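This report describes one protein model for a reader who is new to structural biology. The sequence and the structure are shown first.

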Amino acid sequence: MSGLILWPNRLWNFMLILLSYFLSKKGWIKHPWGLPVAMSVEPTTACNLGCPECPSGLKSFHRPTGNMKVADFEKWMPQWKNHLMYLNFYFQGEPFIHPHLTQMMAIARKQGVLCSVSTNGHFLSNEVIDQVIDARLNKMIISLDGFTQGVYEQYRVHGELEKVKDAVVRLVNRKKERGVKYPEVVIQTLAVQPNEEEIPLIKAWAKEVGADRVVVKTAQLYAPSDSHPLMPKNESYRRYFKDELGNWRIKNPLDNHCWRMWSGCVVTWNGDVVPCCFDKDAQHKMGNLSKAPLREIWRMEAYKAFRSQLQKGRKEIDICANCSEGTKVWA
């Protein structure tokens, strides 16, 4: 929690969100009492890679694409500072393609908000690394989905593994040179069939070069099957299982409640507010920040209707049906 300013109004808001969430699980209330404590913003929809199962990489969006305006972010951030505790600079696209990403990081950190970013690691020049440290970013998640180029590029299409590994080493070394502990360097591996046997090598290498930790994530597959080229052979790496009828189902029980629906939201590059990061094509727009502030959008009828629908039947909502998260309370 280093770097988070726990102003009384932020703490009070968090307690309201937490209490209302647990009361909603019992069916006693339907909507959150506070405002978002955790959010993601989308710096850009542009990406240099062509990853399968990713609308950004496949260039398959049905929504407008572009870069977030720094002036817009600078206007929104003061409106969020009394309730926001954590901000992730990622939704779709590669964040560091945005020419002023580190400037937005600095704006958020000056408000005492914890900040993270998720990147494919191809744009981390020495200059950018120093800018990230100057902005006091709390956490950088770097995707490393293979330990050899032939394996890595099967998912990270057009990617250069050595460029990413070199960026990790330079970031770790620069932190040491400058005597800082931030950002936390997290190596994230998306477990897919081509790379599952290399995951132990990734973990060993990350420890050797001084990364802070490794996270292995399951892959979202839109049509899971035995023959899917990305379906891991190791069942512990799978997001899905086969039921007694032979149908593939997600391991998440998809209970009719969701912490993320109470605690946060996502803002696209052009100011659309959507419920969560599983709404990749922004099909469930709750409002736009150019037309209303977040505190109003959060309480609009569209948002209330979406939460009510989730509490009645989460499995019936398209973006929830493939969700691996949402039940753990953020802390």
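The text below treats the sheet, its strands, the salt bridges and some single residues in turn.

**The sheet**

The model is a predicted one. It contains an open sheet of nine strands with mixed pairing, in the order β6-β5-β4-β3-β2-β1-β9-β10-β11. Because β6 (213-218) and β11 (287-288) each have a single partner strand, they stand at the edges, and one side of each is left without a neighbour in the sheet. Strands of a sheet pair through backbone hydrogen bonds, and the pairing is either parallel or antiparallel.

Strand β1 (residues 38-41) offers a detailed example of such pairing. It runs parallel to strand β2 (residues 86-89), to which it is joined by three bridges. It also runs parallel to strand β9 (residues 264-267), with four bridges between the two. Residue A38 can be followed in both directions: its bridge partner in β2 is Y86, while in β9 it stands opposite G264. The side chains of β1 are divided between two directions, since A38 and S40 point one way and M39 and V41 the other way, and all of these residues are buried.

A further parallel pair is formed by strand β4 (residues 139-143) and strand β5 (residues 184-191), with five bridges. Within this pair, S143 of β4 has Q188 of β5 as its bridge partner. Helix α8 (residues 199-209) lies across β5 and β6, and it runs at about 175 degrees to β5.

**A buried residue in strand β5**

What is the accessibility of V185, a residue of strand β5? Its relative accessible area is 1%, so V185 is buried. Apart from its neighbours within four places in sequence, V185 is in contact with M140, I142, V168, L171, V172, K175, A211, D212 and R213. Among these contacts, M140 and I142 belong to strand β4, and V168, L171, V172 and K175 to helix α7 (residues 161-178). The C-alpha atoms of V185 and Q131 are separated by 15 Å, and these two residues are 54 places apart along the chain.

**Salt bridges**

A search of the whole structure finds 14 salt bridges. Three of them are listed here with the distance between nitrogen and oxygen.

| Pair | N to O distance |
|---|---|
| R178 and D130 | 3.0 Å |
| R178 and D134 | 2.6 Å |
| E301 and K304 | 3.9 Å |

The R178 and D130 pair links distant parts of the chain: R178 is in helix α7 and D130 in helix α5 (residues 126-134), 48 residues apart. The second bridge of R178 reaches D134, also in helix α5, so this pair ties together parts that are 44 residues apart in sequence. R178 itself is partly exposed, because its relative accessibility is 33%. Both bridges belong to a network of salt bridges in which D130, D134, R174, E177 and R178 are linked.

The pair of E301 and K304 has another setting. Both residues lie in helix α11 (residues 301-313), and because they are three residues apart there, about one helical turn separates them. E301 is exposed, with a relative accessible area of 58%, whereas K304 counts as partly exposed at 28% relative accessibility.

**A nonpolar patch and a loop residue**

Nonpolar side chains also occur on the surface. L6, L11, W12 and M15 form a nonpolar patch there, and together they have about 430 Å² of accessible area. One of these residues, M15, is placed in helix α1 (residues 8-25). The relative accessible area of M15 is 42%, so this residue is partly exposed.

The last residue considered is in a loop. Q111 is found between α4 (101-109) and β3 (114-119). Is Q111 buried or exposed? It counts as buried, because its relative accessibility of 17% falls under the 20% cut-off. When residues up to four places away in sequence are not counted, Q111 touches W7, R10, M77, P78 and K81. Of these, R10 lies in helix α1, as does M15 of the nonpolar patch.

Notes:
Residues numbered from 1 in each chain as written. Predicted model: local features only at pLDDT ≥ 70, side-chain atom pairs only at ≥ 80, totals over all residues. Heavy atoms only, no water. Buried < 20%, exposed > 50% of the residue type's maximum accessible area, 1.4 Å probe, protein only. Contact = heavy atoms within 4.5 Å. Pairing = 2+ DSSP bridges. Axes fitted to C-alpha atoms, helices over the stretch in contact; angles between N-to-C directions. Patch = residues over 30% accessible without salt bridge, like charges linked within 9 Å, V, L, I, M, F, W, Y side chains within 5 Å. Areas by Shrake-Rupley, 256 points an atom, 1.4 Å probe, with all protein chains shown as cover. Salt bridge = Lys/Arg side-chain N within 4 Å of Asp/Glu carboxyl O.
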